Amino acid sequence: MNCRFVFGDGEAFEVPAMPGETLLGAAERAGGAPLADCREGTCQSCRGRVNRGAVAYAARHDRLLSLAPLAPDEVLCCIAEPGADEVEIAFDYPRAAVRPVRKMVLEVLEIVPVAGRVVVLRGAIRGRFKLAFTPGQYLEVAIPGTDSRRSYSLANAASTPGEVELHIRLVPGGVMSDYVAHRAKAGDLVDVRGPLGAFHLRRQPAHRIFVTGGTGLAPIMSMLRELVAQGDTAGPVTLFHGVTTREDLYGLDELRTLLSRFSDRALHLAMQDADAAWTETQGRVTDLPLDRVLRSARSDATDVYVCGPPGMIHAVRSTAAAIGLRAERVYSEAFVAAGATGA
Ligand SMILES: Cc1cc2nc3c(=O)[nH]c(=O)nc-3n(C[C@H](O)[C@H](O)[C@H](O)COP(=O)(O)OP(=O)(O)OC[C@H]3O[C@@H](n4cnc5c(N)ncnc54)[C@H](O)[C@@H]3O)c2cc1C
Ligand code: FES
């Protein structure tokens, strides 16, 4: 069975699949792998479109596929096998977006509390590798003094290679939370791996709609900073941002400054447990008028980027689907807690 893989910039390669081999396995053997993270069908990083032929899944994946928000012509390459002699799979990103994942050392420069339970970690990559990433991607961080690793989205613009800014929500009893709240100090050297993830800024002209919860703002901050740095500010931008309490609210001044650089922009804010001083919407981010904005936007020229807890992402995907927005125009990153499963 012959597999052909085509990227958004027209680059392509072919490889014959071995018996029982997944599409991702075949692509990796040929040295031209698409984006992939979990390799078990949950993260959707390896999602592609079947241009030609057919694909097949083992029966053990039935339940997982029933939950996955896939369009009929979409495929998860990490669990699908070729189901025809000739198969062509297309990815909407350029081949250059697949960057090598490297192990690097991050020097902590400062830890800054920015809200009651959010800290910003700023650092710099040391050593011979520079960190090249696409806004939206994340790093895996080895927590000093432990055997644990956690994932954090890069919040800085990609045009500042070598710099790292992470927005970390403190959770009670959390391994990373304990490190950044009590032990981390300037000069610490931390092992990291990256860049990881298929959640990234698309360069196609579109109304960009961002939906974020809490520190789900981090990768969107990276995207906005990058768009402003590149002067890509002509298209409309709408940001819906929700937090649980004021303790999770940070970055508003910079957000407003960044958004002010776009000629057509809107910011909608929600706080679930709002205090008396809160003048914006009281409720969840899903209580904001996303459906109204989606209805008035052109569905063939709208990209929705969602980042935060899995429940929020599911709700936004359902709203977008009900309005008729194609699933592949909704890009998401779920902040799944370590050891948890789900979308
Ligand atoms: C791809 C990816 C990117 C991520 N990016 C970010 C990011 O940019 N910023 C960020 O803050 N987090 C991000 N996360 C989540 C992050 O990786 C950790 O799961 C989170 O910071 C908790 O780590 P911890 O070690 O402090 O807590 P843990 O030791 O993992 O958990 C301690 C306890 O808290 C619970 N818990 C964990 N997370 C939460 C939560 N959000 N709310 C309530 N209870 C919780 C756990 O179930 C456990 O009982 C990301 C996750 C993924 C998968
Ligand atoms: S790598 Fe295929 S779904 Fe995660």
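This passage describes the surroundings of ligand 1, the contacts of histidine 167 and the domains of the protein chain. The model is predicted.

The domain assignment divides the protein chain into domain 1 (2-97), domain 2 (102-196) and domain 3 (207-334). The C-alpha centres of domain 1 and domain 3 are 29 Å apart. Six residues from domain 1 and six residues from domain 3 take part in the contact.

Ligand 1 has 20 residues around it. Of these, Arg150, Ser151, Tyr152, His167 and Ser177 come nearest. Domain 2 (102-196) and domain 3 (207-334) each supply at least three residues to the shell. By class, the shell holds 11 nonpolar, six polar and three charged residues.

Polar atoms of ligand 1 pair with both backbone and side-chain atoms of the protein. The side chain of serine 177 places an N or O atom 2.5 Å from an oxygen atom of the ligand. At histidine 167, a backbone N or O atom lies 2.7 Å from a nitrogen atom of ligand 1. At serine 153, a polar backbone atom is 3.1 Å from a ligand oxygen atom. On its own, ligand 1 has 930 Å² of accessible area, and the protein covers 72% of this. Four elements give two or more residues each to the shell: strand E11 (149-153), strand E12 (163-169), helix H3 (175-183) and strand E19 (330-334). The largest share comes from E11, with four residues.

Histidine 167 belongs to strand E12. Its relative accessible area is 5%, under the 20% cut-off, so histidine 167 counts as buried. Two polar contacts involve its side chain. One is made with the side chain of glutamate 165, at 2.7 Å. Another is made with the side chain of tyrosine 250, at 2.9 Å. Beyond four places in sequence, histidine 167 touches Val119, Val120, Tyr152, Ala155, Thr215, Ala218, Met221 and Tyr250. Tyr250 is thus listed among the touching residues and also forms a side-chain polar contact with histidine 167. Tyr152 touches histidine 167, and both Tyr152 and His167 are among the residues that come nearest to ligand 1.

Histidine 167 therefore combines a buried position, at 5% relative accessible area, with a backbone atom 2.7 Å from a nitrogen atom of ligand 1. Its side chain contacts the side chains of glutamate 165 and tyrosine 250.

Note on methods. Residues are numbered from 1 along each chain as its sequence is written. Chains are lettered from A and ligands numbered from 1 in the order in which they are written. This is a predicted model: local features need pLDDT of at least 70, side-chain atom pairs count only at pLDDT 80 or more; totals for chains, interfaces and linings use all residues. Side-chain values use heavy atoms; hydrogens and water are left out. A residue is near a molecule or strand if one of its heavy atoms lies within 4 Å of it. A polar contact is a pair of N or O atoms within 3.5 Å; within protein, one must be able to donate a hydrogen and the other to accept it, and residues adjacent in sequence count only if both atoms are side-chain atoms. Accessible areas come from the Shrake-Rupley method with a 1.4 Å probe; for residues, only the protein chains shown count as cover. Ala, Val, Leu, Ile, Met, Phe, Trp, Tyr, Cys and Pro count as nonpolar, Asp, Glu, Lys and Arg as charged, and the others, Gly among them, as polar. Domain bounds come from an automatic or database domain assignment. Buried means under 20% relative accessible area, exposed over 50%, partly exposed in between (1.4 Å probe, protein chains only). Contact means heavy atoms within 4.5 Å.
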